[in-house]
Amino acid sequence: MIGLIDTLLRADANAVLFKRGEQAVTAGQIRATAAGAVQRVKAREGDVVLHTISAARFVAGLLAAASLSRRIILPAHTQAAYLADIGAAPEHVLNGEALAFAHDDDARFEIAERNPTLVFFTSGSTGAPKPVEKKLSQLETEARALIKLWGRDAGFVLSTVSHQHIYGLLYRILWPALSGGASSDEAATYWEELENKLDATTTLITSPAHLSRLPPNLHLSDAPKLIFSSGQLLTFSDAEASARAFGRAPIEVLGSTETGGIGWRRQESADAPWTPFENVRVSADADGALEVRSPYLPNDAPHLTGDGVALLPDGAFRLQPRRDRVVKIDGKRVSLRRVEEKLVSLPEIKAVAALTLPERKHALAAIVALSDAGRTALNARGAFRLSRDLRRASAAELEPAERPKHWRFVDAIPVDSQGKRVLSTLLAMFSTEDVLAPLAVAVRMQTNTEAELAFRLAPELAFFRGHFPEHPILPGVAQAHLAVLFSERLWNFRPEHADLSRVKFRRILKPLDDVVLKLSRDEKRVRFSYHLGDIDVSQGEIGR
């Protein structure tokens with residue numbers, strides 16, 4: 001079978017492999033770009049560290065490295081601390097600048113290695129980046145399996161994910177190239193970049209992180225023929241929202257850098273089972289953990305994953321809770337142990353427990369036992385500012401997905417009678433009952449149906465986090481939610497429906513604003529209005 005490199009070398013010079021907007025990138029241009037990069041590769045001893053947002057330039061870099069029989073290192077990003085962790089210097093990265101598109105129409109050159117080694121990186125059990133070697137032929141085998149399953153329905157490939165990871169490389173580059181198709185040169189960052197581009201002639205490669213943020217008014221000429229999602233599990237509610245937006249649920253792909261693809265499913269019902277890919281065998285070890293045997297692995301030995309598994313009689317399977325401490329945050333593998341190790345090195349932190357919050361879309365959180373320096377900082381700056389400072393201080397060691405979004409500060413991490421941390425106890429510290437804790441509330445008036453409350457918007461209020469980090473505001477939906485929480489506290493009443501009506505937001509609310517909240521209720525609704533002195537800030541009704 002013809003592999004990727006021979007496909008690229010034999011393709012007609014005018015064959016379109018990628019598109020940059022409306023501009024075509026041909027096989028001849030890619031070969032000429034690769035030929036121009038060979039001297040740059042020769043000037044770098046050892047492995048080639050390849051990183052570029054352009055898929056066409058990436059392929060040219062791969063050809064140049066293969067022409068000199070070099071291993072190809074694929075860093076997930078190029079932050080200096082990360083490159084140091086994987087033993088790569090920033091000046092050794094073959095990037096987009098070094099792979100500028102050639103003006104020549106074509107070039108021919110010899111390839112010394114048609115099956116080069118590619119090195120990806122994941123979070124290992126220690127939390128440090130773990131290299132995973134793959135031969136190009138292993139990825140080609142997997143790409144052919146995708147063609148066999150869905151090749152007839154594939155169209156022009158659009159994407160929101162990077163080809164620096166195995167999922168993007170397989171679905172954005174190898175599958176289209178080996179099937180004679182084409183794809184977009186760069187991934188879209190925002191959904192708005194794909195407006196009027198998605199239609200019945202396209203295939204969309206995306207992730208749960210993007211599908212959870214579908215804009216309500218995304219304009220689609222038509223739904224893509226195929227939509228793929230991978231990187232972490234897609235919630236059923238997000239699968240339903242995607243089906244409403246696109247007319248069909250995405251095809252979810254389960255796998256890892258080590259295993260390649262394991263199985264796939266469409267969540268047309270909650271907790272739909274997974275179907276293993278052809279020639280992939282799944283089993284459970286003695287502890288109920290998922291074992292995988294696959295042609296995408298280096299040998300036929302079983303690979304033990306961190307997932308629990310329930311095997312079904314028809315060969316399908318369902319996942320059970322993970323057996324390790326590696327989680328997915330916005331599609332990226334994050335080691336909770338690594339997060340804890342890096343945070344505890346900060347002078348303000350004595351101990352830390354990292355966890356994810358299921359009720360908040362599995363956002364990363366940290367419970368921090370403060371050192372003497374940390375308690376001094378908390379007293380001086382408050383919890384909100386301290387959490388922002390700790391996020392900023394950890395940026396040199398932790399990439400964005402590894403930095404907690406939610407924080408709790410304590411004197412000691414809670415443990416049970418055996419000295420062990422209990423997850424349910426830790427999760428309870430982030431329950432919605434704690435949302436009102438930062439507010440010192442004065443009840444000015446209260447009857448059975450009306451109330452008036454006064455309080456200062458404490459900067460550490462949970463709703464300020466992420467809206468927006470440098471200029472936090474209290475979102476309108478948070479104002480409505482606060483009204484419901486106060487209604488529950490005052491009257492033990494919560495509207496049966498969460499419909500919002502007669503809503504007006506006249507100005508923003510910021511940390512340290514002194515507000516007055518007026519509430520009233522009937523049998524079905526809660527009415528609210530926020531005031532800053534004589535200024536009417538907002539009002540609305542919740543319920544129907």
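A residue counts as partly exposed when its relative accessible area falls between the buried limit of under 20% and the exposed limit of over 50%. Asp-389 has a relative accessible area of 24% and is therefore partly exposed. The model is a predicted one, and the values below were computed from it.

The overall dimensions of the chain come next. The chain has 544 residues, and its radius of gyration is 26 Å. A compact globule with this number of residues would have a radius near 24 Å, so the two values agree. Along the principal axes, the C-alpha atoms fill a box of roughly 85 × 55 × 55 Å. Secondary structure consists of 12 helices and 29 strands. Buried residues make up 51% of the 544. The accessible surface amounts to about 25600 Å². Carbon and sulfur atoms contribute 49% of that surface. Long-range contacts were also counted. Of the contacts between residues at least 6 apart in sequence, 60% join residues at least 24 apart.

Salt bridges were then examined. Side chains of opposite charge can pair when their charged atoms come close. The chain holds 25 salt bridges. One of them joins Arg-71 to Glu-133, with 2.4 Å between the closest N and O atoms. This pair links distant parts of the chain, 62 residues apart. Arg-71 sits in the loop between α3 (55-67) and β4 (72-73), whereas Glu-133 belongs to strand β7 (residues 129-135). Arg-71 has a relative accessibility of 31%, so this residue counts as partly exposed.

Asp-389 takes part in another salt bridge. Its partner is Arg-381, and the N to O distance is 2.4 Å. Arg-381 is partly exposed, because its relative accessible area is 31%. Asp-389, at 24%, is partly exposed as well.

A further salt bridge joins Arg-525 and Glu-541, at 3.9 Å from N to O. Arg-525 lies in strand β28 (residues 525-532) and Glu-541 in strand β29 (residues 535-543), so the bridge ties together parts 16 residues apart in sequence. The two residues fall in separate burial classes: Arg-525 is partly exposed at 23% relative accessible area, whereas Glu-541 is buried at 11%. Both residues belong to a network of salt bridges. Arg-502, Asp-522 and Arg-527 are also linked in this network.

Two buried strand residues were inspected in detail. Thr-202 lies in strand β10, which spans residues 202-206. With a relative accessible area of 2%, Thr-202 falls under the 20% limit and is therefore buried. A polar atom of the Thr-202 side chain lies 2.7 Å from the backbone oxygen of Asp-199. Beyond residues up to four places away in sequence, Thr-202 touches Gly-155, Phe-156, Leu-158 and Lys-197. Contacts with Pro-224, Lys-225 and Leu-226 complete this set.

Ser-229 is the second of these residues. Ser-229 lies in strand β11, residues 226-229. Its relative accessibility is 1%, so Ser-229 counts as buried. Again leaving out residues up to four places away in sequence, Ser-229 touches Tyr-167, Thr-206, Ser-207, Pro-208 and Leu-211. Ser-229 also touches Pro-250, Ile-251, Glu-252 and Val-253. Strand β10 is represented among these contacts, since Thr-206 lies within residues 202-206. Leu-226, a contact of Thr-202, in turn falls within strand β11 (residues 226-229).

Key. Residues are numbered from 1 along each chain as its sequence is written. This is a predicted model: local features need pLDDT of at least 70, side-chain atom pairs count only at pLDDT 80 or more; totals for chains, interfaces and linings use all residues. Side-chain values use heavy atoms; hydrogens and water are left out. Helices (H or I, at least four residues) and strands (E, at least two) are DSSP runs, numbered from the N terminus. Buried means under 20% relative accessible area, exposed over 50%, partly exposed in between (1.4 Å probe, protein chains only). A polar contact is a pair of N or O atoms within 3.5 Å; within protein, one must be able to donate a hydrogen and the other to accept it, and residues adjacent in sequence count only if both atoms are side-chain atoms. Contact means heavy atoms within 4.5 Å. A salt bridge is a side-chain nitrogen of Lys or Arg within 4 Å of a carboxyl oxygen of Asp or Glu. The radius of gyration is taken over C-alpha atoms; the globule rule is 2.2 Å times the number of residues to the power 0.38. Accessible areas come from the Shrake-Rupley method with a 1.4 Å probe; for residues, only the protein chains shown count as cover.
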